[in-house]
Amino acid sequence: RNVVRQEVGTCLAEAPFEKALQKAKEMLVVRNREQDLYTRAWCVYEIFRAKQLRIPVSVCGSNPFRNKVDIMRCQASDADD
């Protein structure tokens, strides 16, 4: 449970993902049939940060969910996140 928190830390600006994203030229998001990516808080955050950094984001894969995006309904594996 705390493995992600240990890897990411408490400051998202210092997280490994943030450091990698700042070096990225583009971001590819791959959907799957098991989980709607827009209901996962971390997925939404990653896309948000890419947009903030003006990194082009491409989304591919089928979208069997067809839900409207509502970030207020996002969930995390750990409620403290």
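The legends below describe close-up views of a predicted model.

**View 1. The chain as a whole, with three helices and two strands.** Along the sequence, the elements of the protein chain run α-α-β-α-β. The protein chain has 81 residues, and 21% of them count as buried. Contacts between residues at least 6 apart in sequence were also sorted by separation: 76% of them join residues at least 24 apart.

**View 2. Trp42 and Tyr45, one of three aromatic pairs in the structure.** The ring centres of Trp42 and Tyr45 lie 5.5 Å apart, and the ring planes meet at 35°. The pair is tilted because 35° falls between the limits of under 30 degrees for stacked and over 60 for edge-to-face. Both residues belong to helix H3, which spans residues 41-52. Trp42 and Tyr45 are three residues apart there, about one turn of the helix. Trp42 has a relative accessibility of 36% and counts as partly exposed. Tyr45 is also partly exposed, at 21%. That value places Tyr45 outside the buried class, because buried means under 20%.

**View 3. Tyr45 and Phe48, a tilted aromatic pair.** Here the centre-to-centre distance is 6.4 Å, and the planes stand at 40°. The two rings count as a pair because their centres lie within 6.5 Å. Tyr45 and Phe48 sit three residues apart in helix H3, so about one helical turn separates them. Phe48 is partly exposed, with a relative accessible area of 45%.

**View 4. The aromatic cluster of Phe17, Trp42, Tyr45 and Phe48.** Ring pairs link these four residues. Trp42 and Tyr45 come from helix H3, as does Phe48. Phe17 also appears in the next view, as a contact of Glu46.

**View 5. Glu46, a buried acidic side chain without a salt bridge.** Glu46 is found in helix H3. Which side chain of opposite charge is nearest to Glu46? It is Arg40, 10 Å away. No salt bridge is counted between Glu46 and Arg40, because the cut-off is 4 Å. Glu46 does have a polar partner: a contact of 2.4 Å joins its side chain to that of Trp42. Beyond residues up to four places away in sequence, Glu46 touches Phe17, Leu21 and Met27.

**View 6. Leu28, an exposed residue in strand E1.** Strand E1 covers residues 27-30. Is Leu28 buried or exposed? With 59% relative accessibility, Leu28 counts as exposed, because the class begins over 50%. Along the chain, Leu28 and Val57 are 29 residues apart. In space, their C-alpha atoms are separated by 5.9 Å. Leu28 touches Ser58 and Cys60, leaving aside residues up to four places away in sequence.

**View 7. Cys43 and Cys60, both partly exposed cysteines.** How many disulfides does the structure hold? The count is zero. Cys43 has a relative accessibility of 26% and counts as partly exposed. Cys60 is partly exposed as well, with a relative accessible area of 32%. Cys60 is one of the residues that Leu28 touches in the previous view.

Note on methods: Residues are numbered from 1 along each chain as its sequence is written. This is a predicted model: local features need pLDDT of at least 70, side-chain atom pairs count only at pLDDT 80 or more; totals for chains, interfaces and linings use all residues. Side-chain values use heavy atoms; hydrogens and water are left out. Rings of Phe, Tyr and Trp (its six-membered ring) pair if their centres lie within 6.5 Å; planes under 30 degrees apart count as stacked, over 60 as edge-to-face and the rest as tilted. Helices (H or I, at least four residues) and strands (E, at least two) are DSSP runs, numbered from the N terminus. Buried means under 20% relative accessible area, exposed over 50%, partly exposed in between (1.4 Å probe, protein chains only). A disulfide is a pair of cysteine sulfur atoms within 2.5 Å. A polar contact is a pair of N or O atoms within 3.5 Å; within protein, one must be able to donate a hydrogen and the other to accept it, and residues adjacent in sequence count only if both atoms are side-chain atoms. Contact means heavy atoms within 4.5 Å.
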